[in-house]
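Work through these exercises with the structure open. Try each task before you read its solution.

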Amino acid sequence: MALVKRGKTWHTHFFVDGQRFRMSLGTSDWREAQAREKKLIAQATQGNLDASHQGFAKLAFAQASESYFAGRKLELGDSSQKKERQLLVKPREFFRQKCLSKITADDVLRFREWRSERGVGPAIINMEVGVIRRILKRAKRWHLLGTDIRPLKEPRSVGRALTYDEKLRLLRTAGQNDEWQRVQSAMSVALCTAMRGCEIKRLQWRDIDFLNRAILVRTSKTEAGQRLIPMNDEAYELVVRLRERAKNFNGIESQHYVFPACERGHVDPTRNQRSFRTAWRSLTVSIQCPTCKKLQAPGDSCSNQRCKADIRDVRSPLAGLRFHDLRHHAITELAESQVSDQTIMAIAGHVSQKMLARYSHVRSEARRQAVSALSAKGIVRRQKVGRIAGYDTNNDTTSDNQELPSPEVIEKMVGPCGLEPQTSTVSR
């Protein structure tokens, strides 16, 4: 190993297991250079400093991001590649031609401030910093600045469960416009199956089992998402109507999509619908004039020539509702129906109890019903008769009047596998 001073900066040159390492130590102090050299040698010995990454660290961020993305193509699916590409746009705009080896913790912090000033939320900022972190990790640079960067705190709200009135309004509104017919069908599938939007868009006719009334999800966000979902009567009737409609444009082959692509009136069943965004936004922001009851887009005044009421302050109660919130709502209804957690996870495709608790937003009415069994009346009643009962075995298992349930109650509890105790899935 050797220390060489070039100008005012010390450089190191050493070999570890036959690999050659040459790099700047970034200091003009000889003692500091010695300490940094020993640290680099230790990292190289442990395998944390690969000579092949030295060239990558010298690349400009724009070039390094292209090399990084090319190496990730085999690891990511199509949708993940698209998302990764989008997350790289703003970091490339900010760092431009700055060398990876010269990026500091202050640079990353300034990038976060720059994005926050433009109204970007903490979740998106954290994901963009995550891409920067992965690029710098490949260059073996992140360990030098990662300790100074902590993720931003993200809002804990993860979704929205509809009230009964909101759900009824959404279904009624969707049926009043022919342009919303496609998103109305997708919305009904989501509410009846708890499927994700990406799963619905990729659904093919080979995935529909009409005989057993089930939907097979082949491709999903996670491995647990690959599942078989039974269809209720509403979902089955909807799929049958979509099948009849698909016959009009010869789109009923097994490899054809249930929700095919449609551009300028031309339907291509070999390609799936890319997005419901335009129709969904139009559906959720539409308002009803309080005077003439006409459904229309927000504006200063009603579009009805006979009405012209001021609707400037009228706002749709569905504004801000995401398509993914339909999945949240469906899981909430499953949780309120008191089916087992395992059944909900099998239908929704979750892998853990933590994710189930994250998605099931049990509404206040269900919580009120759940706590209705908690009462102090029993203790008061016993006090009135002259004795105070505790919560020991004798008092809990012995009652004055032990009555067996009626035969009708026992019959309702019997399932195909015998007696099945009812379980509660109210989130705690």
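**Exercise 1.** Find Arg96: in which loop does it lie, and is it buried or exposed?

*Solution.* Start with the position. In this predicted model, Arg96 sits in the loop between α5 (89–95) and α6 (105–117). Next, take the backbone. Most residues other than glycine have a negative phi. Arg96 has a positive one, near 50°. Last, check the surface. The relative accessibility of Arg96 is 53%. The cut-off for exposed is over 50%, so Arg96 counts as exposed.

**Exercise 2.** Now take Lys140: which loop holds it, and what is its phi?

*Solution.* Lys140 belongs to the loop between α7 (122–138) and α8 (164–174). Its phi is positive, about 60°, although Lys140 is not a glycine. Add the accessibility: 26%. That value is not under 20% and not over 50%, so Lys140 counts as partly exposed.

**Exercise 3.** Give the strand order of the open sheet of three strands, and say which strands are the edges.

*Solution.* The order is β4-β5-β6, and the pairing is antiparallel. Look for strands that pair on one side only: these are β4 (208–209) and β6 (227–230), the edge strands. Then count the bridges between β5 (residues 214–217) and β6: there are four. Pick one residue, Ile215; its bridge partner in β6 is Ile229.

**Exercise 4.** How many helices and strands does the protein have, and what percentage of its residues count as buried?

*Solution.* Count the elements: 19 helices and 12 strands. Then turn to burial: of 428 residues, 36% count as buried. Finish with the surface: about 27,200 Å² is exposed, and carbon and sulfur atoms supply 49% of it.

Definitions and conventions. Residues are numbered from 1 along each chain as its sequence is written. This is a predicted model: local features need pLDDT of at least 70, side-chain atom pairs count only at pLDDT 80 or more; totals for chains, interfaces and linings use all residues. Side-chain values use heavy atoms; hydrogens and water are left out. Two strands pair if DSSP finds at least two bridges between them. Helices (H or I, at least four residues) and strands (E, at least two) are DSSP runs, numbered from the N terminus. Buried means under 20% relative accessible area, exposed over 50%, partly exposed in between (1.4 Å probe, protein chains only). Accessible areas come from the Shrake-Rupley method with a 1.4 Å probe; for residues, only the protein chains shown count as cover.
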